[in-house]
Amino acid sequence: MLEVERDGVRITVTRREGSGRPLLIVPGVMADAAAWQPVVDALEVAGPVYVLNRRGRRPSGELGADYSVRTEIDDLDLVLEEIITTEGAQRGLDLFGWSFGGLVALEAAARRPAAVHSLTLYEPVVRPFGRHVLPALWEADRAGDLDRAVEIVNREVSGFSDEYVAQLRRSAVWDVLRRLAVPLARELTALDQHPADLRELGTLDLPVTLLLGGENEGVPPYGDAFAAFASALPRARVVTMPGQGHLAHAHAPESLARYIDQALAVRGDAEARLSQP
């Protein structure tokens, strides 16, 4: 495990052994490195695979004072530097971001394009995503009602059925989700307050793949957010994953791993062709 510290907050990053160009995964809200381990286990990439435990997720530290999306970008900037130094990856690493983590990854890549070899974003989000649930989330936060917070994000943001949420509540996963919901109100508030300039970010000169769950194509909220990124990044390669939604890392980790492998292989093949005389 790799560790860095910024402004007194510990940031941890898990590492799967490998040799070659590193891959760094940046999860979104309601997820941590453990939630992405099944995807890591299924990946066939040769290089080491890192997964960021963003602040607010144990064993990383708390969100800290004056938390914002900029805080997350600064954290990732430091992690990128540490991984490149540790691995000797002078040509950069492959960067993957999901949901909230997709926006953070894109912003960090725009800040340090030399540190990033390729960028893969799985249904990134941007404001006003989730704005309508913020009052209810803050009410649950003030009451310390983590069960209510998990219900809100699953039913009123993701749009899952009452039956699905009831089944989820009876499963062992519910306690994990309650723990991950602790920073949820502050994270979604930070997202709603972050002035991302997608048009400016769209000028980033990097190979970009955008992954979309087929079930979310044209469907709010994830499909709408995805469309905004696809429009702002017209040179990006858009890949639709049939039968998937926003949680392929949980529902179909092996399938998602194949899409990530393919995204990196496509970039590698293109690079090899360009290097040929």
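# A walk from helices to sheet

Start with helices α4 and α8, which cross in a left-handed sense. You're looking at a predicted model, so take the tour in that spirit. Select residues 184-193 to bring up α8, which packs on α4 at an angle of about 150°, with the two axes 9 Å apart. At that angle, α4 and α8 count as roughly antiparallel, since the cut-off for that label is over 145 degrees. Want to see who does the touching? On the α4 side, pick Leu-134, Leu-137, Trp-138 and Asp-141. On the α8 side, pick Leu-184, Ala-185, Arg-186, Leu-188, Thr-189 and Asp-192.

**Next stop: α5**

Keep α4 (residues 134-143) on screen and add α5 (residues 146-157). Here the packing angle is about 160° and the axes lie 8 Å apart. That makes α4 and α5 roughly antiparallel. Their crossing is left-handed. Show the side chains of Ala-136, Leu-137 and Ala-140 in α4, then Arg-148, Ala-149 and Ile-152 in α5, and you have the contact. Leu-137 may look familiar: it also belongs to the α4 contact with α8.

Now add α7, residues 173-180. How do α5 and α7 lie relative to each other, parallel or perpendicular? They pack at an angle of about 95°, with axes 9 Å apart, and are therefore roughly perpendicular. Leu-146, Asp-147, Val-150 and Glu-151 reach out from α5, while α7 offers Trp-174, Leu-177 and Arg-178.

**On to the sheet**

Switch to the strands. Eight of them make an open sheet with mixed pairing, and if you walk across it you meet β1, β2, β4, β3, β5, β6, β7 and β8, in that order. Select 2-6 and 237-241 to find the edges: β1 and β8 each have a single partner strand, so one side of each has no neighbour in the sheet. On average, neighbouring strands here are turned by 20° against each other, direction ignored.

Zoom in on β6, residues 116-122. Is this strand buried or exposed? Seven of its seven residues are buried, so β6 is largely enclosed by the rest of the structure. To one side, β5 pairs with β6 in the parallel sense over six bridges; click Gly-97 and you'll find Leu-121 of β6 opposite. The pairing of β6 with β7 (residues 208-213) is parallel too, over four bridges. There, Leu-119 has Val-208 of β7 as its bridge partner.

Bring in α3, residues 100-111: this helix packs on the sheet and touches β3, β5 and β6, its direction making about 145° with that of β5. Then select 222-232 for α10, which lies across β7 and β8 and runs at about 160° to β7.

**Last stop: the cores**

Finish inside. The largest nonpolar core has 69 residues, and Leu-24, Met-30, Leu-76, Leu-95 and Leu-119 touch the most other members. Center on Leu-95: among its contacts beyond four places in sequence are Leu-24, Val-26, Leu-80, Ala-105, Ala-109, Val-116 and Leu-119. There's also a second, separate core of 24 residues, and selecting Met-241, Ala-248, Ala-257 and Leu-264 will take you into it.

Conventions: Residues numbered from 1 in each chain as written. Predicted model: local features only at pLDDT ≥ 70, side-chain atom pairs only at ≥ 80, totals over all residues. Heavy atoms only, no water. Pairing = 2+ DSSP bridges. Helix = DSSP H or I, 4+ residues; strand = E, 2+ residues; numbered from the N terminus. Axes fitted to C-alpha atoms, helices over the stretch in contact; angles between N-to-C directions. Contact = heavy atoms within 4.5 Å. Core = buried A, V, L, I, M, F, W, Y, C linked by side-chain atoms within 4.5 Å. Buried < 20%, exposed > 50% of the residue type's maximum accessible area, 1.4 Å probe, protein only. Parallel < 35°, antiparallel > 145°, perpendicular 65-115°, else oblique. Left-handed = near helix turned anticlockwise from the far one by under 90°.
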